[in-house]
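This note is written for a colleague who is beginning to read protein structures. Please keep the sequence and the three-dimensional view open while working through the numbered points.

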Amino acid sequence: MAWIAVGVGLSLAGGLLVQVTASRNTARYAESLEAMARALEGNRTPAYLVLEGPIAGAQRRLFAAVEALLRELDALAEQRDELDAILRSMREAVVVTGSGGEVVLINGAARELFALSPEADYRGHNFVELCRDPRLQEFVARSTAASDAQMMSTELAIAHPKQGHLRVNAAPVRVAKGAAAARVLVFSDITDLKAYENVRADFVANLTHEVRTPLSALCGYAETLLRGVDDPETQHRFLDIIERQARRLARLIDDLLTLSDLERGLTPLKLEPVDPAHLLVETTELMREPAEKHGVTLSVEAAAELPQMLGDHDRLHQLMLNLLDNAIKYTPRGGRVTAVARRAEEAEAPAGVELAVSDTGEGIPAAHIPRLTERFYRVDRARSRELGGTGLGLAIVKHIVQLHRGRLKIESRVREGTTVRVFIPCEQAQSGVA
Ligand code: ADP
């Protein structure tokens, strides 16, 4: 009996020992799980607790899986940061929409383009409602409704939030099979490009027009002469016309070459000290004969002890000739043209010299003044042609002034006269210019 009692006692003690060990293990498992949960909640890698017992193997695997997942999460966070940085630095506006057209992601350039708040959270808003331009709305709605794989592109003239041109690409985002497609919409502002295309098209149209008139005159009169003209006086008149038209074409080509050279910056300025008074004297001397032919008095007024300008002598020479040529051309007989050089006294401006050409001519209506420096812009096209103008003189002047970092001002009163002022910085002010 006694050994039975001992046996029972021993087995009870053994059971108790197993129970105590089991409950101690359970407590350690609980502690380890608790530590793991806390670490995961705090986005940290959980500390690895070495345990023994039946679930130690499973726990090891669990820890390894958690570690792999955390590594993946880190990599994903890194990728997201990279994507954020790319989207932020993109000049193109990017919007990602969900299958229903709701905003999933919108970058800074898109917020700016659509005049949206830089901070507001637009996720979940319908993008069609955010871009207020009707044409854009129509395209976005169409791209959202398009079949999942279809990539759509277009160019649109928009009116909201401001007038402009956009190139839009809408591409489907690859998604899990069966799920409705999200889209990436990329908007590029091509307003400047369109404006440039228009300027180029206008330029070609204008140039064609400018060349065609003298060219058809040349062909017409040459053909007539070839067919034979008996009267020597008529012959001479026709040859005179041919010569004038040929000269006009040559002038046009010269001006075009000068302008293109200035615009493309192919020949850099040869900066050197230029004496303003000397520049006025040499250019007015060259224009004295045409002035006399026109019956216009030409005079020079140069202030004493003017500072030297820092400029390209040949370009400034050309600028003065263009201004004097205009003043003489557009001043009726008996009028006066004066070339002036004086120290520019502007409080906020760097030291410089003002070159001005004033005339007592026909003047320019105020509405035309802002456009005079555009290529081929003329107040009276027929009159400019008749006087031998190319319509490029003031465009050339503007470019020369800009290259010298100067300023150009045109003042005029109809039937009273015109003054064109050019400010050219002087030597000390431009010492840093290459
Ligand atoms: P153009 O070869 O026709 O003279 P410009 O570019 O030199 O071309 O000048 C553009 C236009 O500005 C001229 O066609 C003319 O209408 C006007 N203009 C320029 N200078 C004067 C001036 N001194 N007086 C009156 N009109 C002028």
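1. Which strands does helix α8 (residues 276–294) lie across, and at about what angle does α8 run to β7? The model is a predicted one. In it, α8 lies across β7, β9 (336–344) and β10 (352–359). The direction of α8 makes about 175° with β7.

2. The strands just named belong to an open sheet of 5 strands, whose order is β7-β9-β10-β12-β11 and whose pairing is mixed. At the edges stand β7 (297–302) and β11 (407–413); each has a single partner strand, so one side of each is left without a neighbour in the sheet. On average, and with direction ignored, neighbouring strands of this sheet are turned by 15° against each other.

3. One pair in this sheet may be examined in detail. Strand β11 pairs with strand β12 (residues 417–425) in the antiparallel sense, over 7 bridges. Within this pair, Lys409 has Arg421 in β12 as its bridge partner. A second helix, α9, also packs on the sheet and touches β9, β10 and β12. The direction of α9 makes about 20° with that of β10.

4. A further open sheet of 5 strands has the order β2-β1-β5-β4-β3, and its pairing is antiparallel. Its edge strands are β2 (103–106) and β3 (152–158), each of which pairs on one side only. From one strand to the next, the twist averages 20°.

5. How are the strands of this antiparallel sheet joined by bridges? Strand β1 (residues 93–97) and strand β5 (residues 182–189) pair over 5 bridges in the antiparallel sense, and Val94 stands opposite Val186 in β5. Helix α5 (residues 134–145) packs on the sheet and touches β1, β3, β4 (164–173) and β5. The direction of α5 makes about 165° with that of β3.

6. The remaining pairs can be followed in the same view. Strands β4 and β5 pair over 8 bridges in the antiparallel sense, with Leu185 in β5 as the bridge partner of Ala170. Strands β3 and β4 pair over 7 bridges, again in the antiparallel sense, and Glu155 has Arg167 in β4 as its bridge partner. These two strands, β3 and β4, form a hairpin with 5 residues between them. When tracing any of these strands, the student may recall that side chains in a regular strand alternate between the two faces of the sheet.

7. Attention now turns to the packing of helices. Helix α6 (residues 191–227) packs with α7 at an angle of about 150°, and their axes are 9 Å apart. That makes α6 roughly antiparallel to α7, since angles over 145 degrees count as roughly antiparallel. The crossing of α6 and α7 is left-handed.

8. Which residues form the contact of α6 with α7? From α6, those taking part include Val211, Leu218, Tyr221 and Leu225; from α7, they include Phe238, Ile241, Ile242 and Leu252. By class, this contact has 13 nonpolar, 3 polar and 2 charged residues.

9. Helix α7 (residues 232–264) also meets helix α11 (residues 393–403): their axes come within 10 Å and cross at roughly 25°. These two helices, α7 and α11, are therefore roughly parallel to each other, because angles under 35 degrees count as roughly parallel. The crossing of α7 and α11 is left-handed. On the side of α7 the contact is made by Asp255, Thr258, Leu259, Leu262 and Glu263; on the side of α11 it is made by Ala395, Ile396, His399, Ile400 and Leu403. The residues of this contact divide into 6 nonpolar, 2 polar and 2 charged.

10. Where in the chain are the residues around the ligand that come nearest? Of the 21 residues around the ligand, Arg378, Val379, Ser384, Gly389 and Gly393 come nearest. Helices α9 (313–329) and α11 each supply at least two residues of this shell. The most is given by α11, with 3 residues. By class, the shell divides into 9 nonpolar, 8 polar and 4 charged residues.

Conventions. Residues numbered from 1 in each chain as written. Predicted model: local features only at pLDDT ≥ 70, side-chain atom pairs only at ≥ 80, totals over all residues. Axes fitted to C-alpha atoms, helices over the stretch in contact; angles between N-to-C directions. Helix = DSSP H or I, 4+ residues; strand = E, 2+ residues; numbered from the N terminus. Parallel < 35°, antiparallel > 145°, perpendicular 65-115°, else oblique. Left-handed = near helix turned anticlockwise from the far one by under 90°. Contact = placed C-beta atoms within 7 Å. Nonpolar A, V, L, I, M, F, W, Y, C, P; charged D, E, K, R; others polar. Near = placed C-beta within 6 Å. Pairing = 2+ DSSP bridges.
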